[in-house]
Amino acid sequence: DDSLTRLNAAINAVDNAADRVRKKEFNPSVTVQIHTIGLGEVGEAQHELLKRIANAPDSNAPDVNAPQGMYVFAPTPAQLAAAFQKVGGEILRLSK
């Protein structure tokens, strides 16, 4: 199916781009830590993709040699502010 092929290509592209950013391929002098937030009803595959993008320690294949980020899930829009606060707190902690 053509739409499934496009979806898989998009997933692979975003996963690859995040990996390249963490490996400093675009700018060797900048270390980047990626955090992701999931919202709403998503399947396990979407959770795993967001964990992999963040290189979260609980992803199925974290790269221990790259910066590890955080994946936060907000089941409803009402919980989105708390998810952003959690990520923001981590960013502030790292900036000190």
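**Around helix H2**

The buried residues of H2 pack against three elements: helix H1, strand S1 (36-39) and strand S2 (71-74). That makes H2 a good place to begin a walk through this structure, which is a predicted model. The residues of H2 that are buried are His47, Glu48, Leu49, Lys51, Ile53 and Ala54.

Let us step back for a moment to see where H2 sits. The chain holds three helices and two strands, and from the N terminus on these elements follow the order α-β-α-β-α. Taken along the principal axes, the C-alpha atoms fill a box of roughly 50 × 40 × 20 Å. Of the 96 residues in the chain, 27% are buried. If we take the contacts with a separation of 6 or more, 51% of them join residues 24 or more positions apart.

Now back to the partners of H2, starting with H1. How do the two helices lie relative to each other? Two packed helices are described by the angle between their axes and the distance between the axes. Here the axes of H1 and H2 come within 8 Å and cross at roughly 20°. Because that angle is under 35 degrees, H1 counts as roughly parallel to H2. On the H1 side, the contact is made by Ile11, Val14, Asp15, Ala18 and Arg22, and on the H2 side by Leu49, Arg52, Ile53 and Ala54.

Asn16 gives another view of how H1 and H2 are placed. This residue belongs to H1, which covers residues 2-22. Between Asn16 and Ile53 there are 8.6 Å in space, C-alpha to C-alpha, although the two are 37 residues apart in sequence. Is Asn16 buried or exposed? Its relative accessible area is 41%, so Asn16 is partly exposed.

Glu48 deserves a stop of its own. Its place is in H2, which spans residues 44-54. Which residues does Glu48 touch, leaving aside its neighbours within four places in sequence? They are Ser59 and Asn60. With Asn60 we can be more specific: its backbone nitrogen lies 2.6 Å from a polar atom of the Glu48 side chain. Glu48 is buried, yet it has no salt bridge. The nearest side chain of opposite charge is that of Lys51, 4.7 Å away, and a salt bridge is counted within 4 Å.

Our last stop is the end of this helix. Just after H2, Asn55 takes a positive phi of about 55°.

Note on methods: Residues numbered from 1 in each chain as written. Predicted model: local features only at pLDDT ≥ 70, side-chain atom pairs only at ≥ 80, totals over all residues. Heavy atoms only, no water. Helix = DSSP H or I, 4+ residues; strand = E, 2+ residues; numbered from the N terminus. Buried < 20%, exposed > 50% of the residue type's maximum accessible area, 1.4 Å probe, protein only. Lys, Arg positive; Asp, Glu negative; His and termini not counted. Polar contact = N/O pair within 3.5 Å; in protein donor to acceptor, adjacent residues only side chain to side chain. Contact = heavy atoms within 4.5 Å. Axes fitted to C-alpha atoms, helices over the stretch in contact; angles between N-to-C directions. Parallel < 35°, antiparallel > 145°, perpendicular 65-115°, else oblique.
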